[in-house]
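Subject: Structure for your review

Dear colleague,

Please find below the structure that I am handing over to you. I would be grateful if you could keep it open while you read the notes that come after it.

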Amino acid sequence: MLASEHSANQNTLQLIIEGAGCASCVGKIEGALNTIPGVKTAEMNFADRTVMVSGNAAAESLIKAIESAGYNAKLMNQGSESEALDEKEQADLAYYKKLMRHTYIALALGIPLMAYGLMGGAMTVETNAERITWLIIGILTFGVMYFSGRHFFVGAWQSFKNHSANMDTLIALGTGTAWLYSMVVVFAPESVPLMARHVYFEATAMIIGLIDLGLALEVRARGKTSEAIKRLIGLQAKMATVIRDDKEVKIAIEQVLKSDIVKVRPGEQIPVDGVVIEGTTSVDESMLTGEPMPVTKKQDDKVVGGTLNKSGTINFRASHVGKDTALAHIINMVKRAQNSKPPIGRLADVISAYFVPVVMIISIVSALAWLNFGPDPAVAFAMVSATTVLIIACPCALGLATPMSVMVGVGKAAEAGVLIRNGEALQTASKITTMILDKTGTITEGAPKVTDIVLANAMTEKQILQLAASMESGSEHPLAEAIVESALEKDIELLKVENFKALVGRGIEANCQDKSLLFGNEKLMHEKGIDITSFVHKAQALAKEAKTPMYFSIDGVLAAIIAVSDPIKADSISAIKRLQNNNIRVIMLTGDNRETAAAVAKKAGITEFVAEVLPEEKADKVKELQMAGEIVGMTGDGINDAPALAQANVGFAIGTGTDVAIESADITLMRGSLHGLADAIAVSKATLRNIKQNLFGAFIYNAAGVPFAAGILYPFFGILLSPVIAGAAMAFSSLTVVSNANRLRLFKAKDH
């Protein structure tokens, strides 16, 4: 169903990152990896704290590069997807527990100190007894900084060594400044004005505790974003029953070999991909395709690993096993898409790279302003405003805004049977203004049937069908298959043909039983000088009924018209209506004749169509619309659609189609229904809307928070924001972004 995306010399490694604190870390880690020879792409998912690297570089080189950038990394389990996910979950759980321990330690000191201050307790150093008391508390606060906040200071130091700054830098500077100022007050109170002899140990402890708590809650909340991957991995069977040496043997799924005969009983999951060789059953493919109705499977039908066998017992020959199964490719595609960045996300990364240095400058300017123009105690006001600016401006929320939404959105799409290849396709799909639909196999079933044989001489229908089917047996065109199938259903024996020749865009010619045969469209008949005048009206009448009429001549004389009809899919009309209701211009493209195309378009509710289009002309039509300023989506299922799918702004492949079409597309619809197309666009719009909400919230929070932290309210209302409130607000902002992204999990496409 899905072909492999990578060549043999390319592999993909996933690394778990430790120590990444904000969006500015993403650029540094990706930049460090991209300098390694053999790295093709490196994409970090900040929300998931993982990085996916494709290429042929050694894992050791990648880990060394990340460590040199100031972070820690380890290779994710290269066994099964289930083991890798378990390892990631265990790492997240361990990190969550560690952060909660840090939180308890910090808040155990911070909360009593803050309560003491709020109840009117003196936070000043005026007597020797107060000095000793605050010295002990200062030492305890240093313990909090060491046990609960050490990771911030280590991260800040690593960034400093790499000539950069990140979230850790801001937190370390803020809490470190508050602690150092307080210790100066304790040890040398005379060096500070009397009114400024105030200690801020509670601020240091509370800020570290609140930020650790925010990070812990974020870790727990972001775990929900991998639910789609968990569900897909949950589809994989653990065991399989294979027939070896005429005996049934139960083995682990990893031990199933290509060409093994696999037996599946009712109620069991199909373990790997294969082709049925014995038995008939119905298979529930809903978890892969989103299609609720079970699909009948008989001999020579394909079955997909992960789907559920409902009724009968079947034996099938394994065709794809291990990491080559469709489900394995789907899981890999979803993971890659979740790690990729849409253009709007890259903007956030660029801003974050400049944001931290700018905040540090604002913090210094704020402190200088208070020192020079502020009231007494100016030193205390300067320290408080500088610390508050540093804490409130940490760009955690900014870093989470895009990847959290992308992870949930891509996962949500996968649940609906829509596989999005990358973040750019996810974003562009939301902007589509024109959707081009191929006719055969996209709007229609793609399984044509012979409906009419209009005789033009003394030959019988059986004789005509025998000759036509014999000719078409050498063709792979869907219409040819319909004619051959019709003959076989009637037990008509096919004859040997000679000098077969396909005439592109017109039909075919061949010799059979010393007869010269032509089979094709009106253009071919005119070209070969065949008189069809008295039958043109009949062909037009058939075309108006959405049938495709084809002329059949023997030895230069018209012998019959054979009409083939490809019925419109049951839900194509309602799906097309959904697209049009979303202000998307729908155009049908087909190589079929104009009359048939007009009839299908009318029936499907499409007002614009282009008929008699050659494969290479489909891509030209896409270009033409793009030149006119349209954002073009192209949907198709055949090899002849591949150039147009690649040319379109977003290519949608029907997953029931060819691997070539799927590989050329940006988004794959796992089921044949066009409702999957409407669902993909709906999910894309919902995800982009969610990203914008997150980015707006994060930007507004930081942009509005910094002036308040700097003390803009003090001249008017006498209010100066506390660093503790800044720490709480910063933790809350990250949690808000994560929670808003998780709202996407409740999204349901309308008008289904």
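The notes below cover the domains, one strand with its neighbours, and one helix residue.

Please bear in mind that this is a predicted model.

Domains. The protein is divided into domain 1 (12-78), domain 2 (82-220), domain 3 (257-320), domain 4 (323-416 + 683-751), domain 5 (417-445 + 568-682) and domain 6 (449-565). Between the C-alpha centres of domain 1 and domain 6 there is a distance of 60 Å.

Strand β25. This strand spans residues 650-654, and five of its five residues are buried, so β25 is largely enclosed by the rest of the structure. Burial applies to both faces: Val 650, Phe 652 and Ile 654 lie on one side, while Gly 651 and Ala 653 lie on the other.

The strand also has pairing partners. Strand β24 (residues 632-636) runs parallel to β25 and is joined to it by four bridges; in one of these pairings, Met 634 has Gly 651 of β25 as its bridge partner. Strand β26 (residues 667-669) likewise pairs with β25 in the parallel sense, over three bridges. Here Phe 652 has Ile 667 of β26 as its bridge partner.

Leu 368. This residue belongs to helix α11 (residues 343-373). Is Leu 368 buried or partly exposed? Its relative accessibility is 46%, and therefore Leu 368 counts as partly exposed, since the partly exposed class lies between under 20% and over 50%. Leu 368 and Ala 731 are separated by 363 residues in sequence, and their C-alpha atoms are 27 Å apart in space.

Yours sincerely,
A colleague

Terms used:
Residues are numbered from 1 along each chain as its sequence is written. This is a predicted model: local features need pLDDT of at least 70, side-chain atom pairs count only at pLDDT 80 or more; totals for chains, interfaces and linings use all residues. Side-chain values use heavy atoms; hydrogens and water are left out. Buried means under 20% relative accessible area, exposed over 50%, partly exposed in between (1.4 Å probe, protein chains only). Helices (H or I, at least four residues) and strands (E, at least two) are DSSP runs, numbered from the N terminus. Two strands pair if DSSP finds at least two bridges between them. Domain bounds come from an automatic or database domain assignment.
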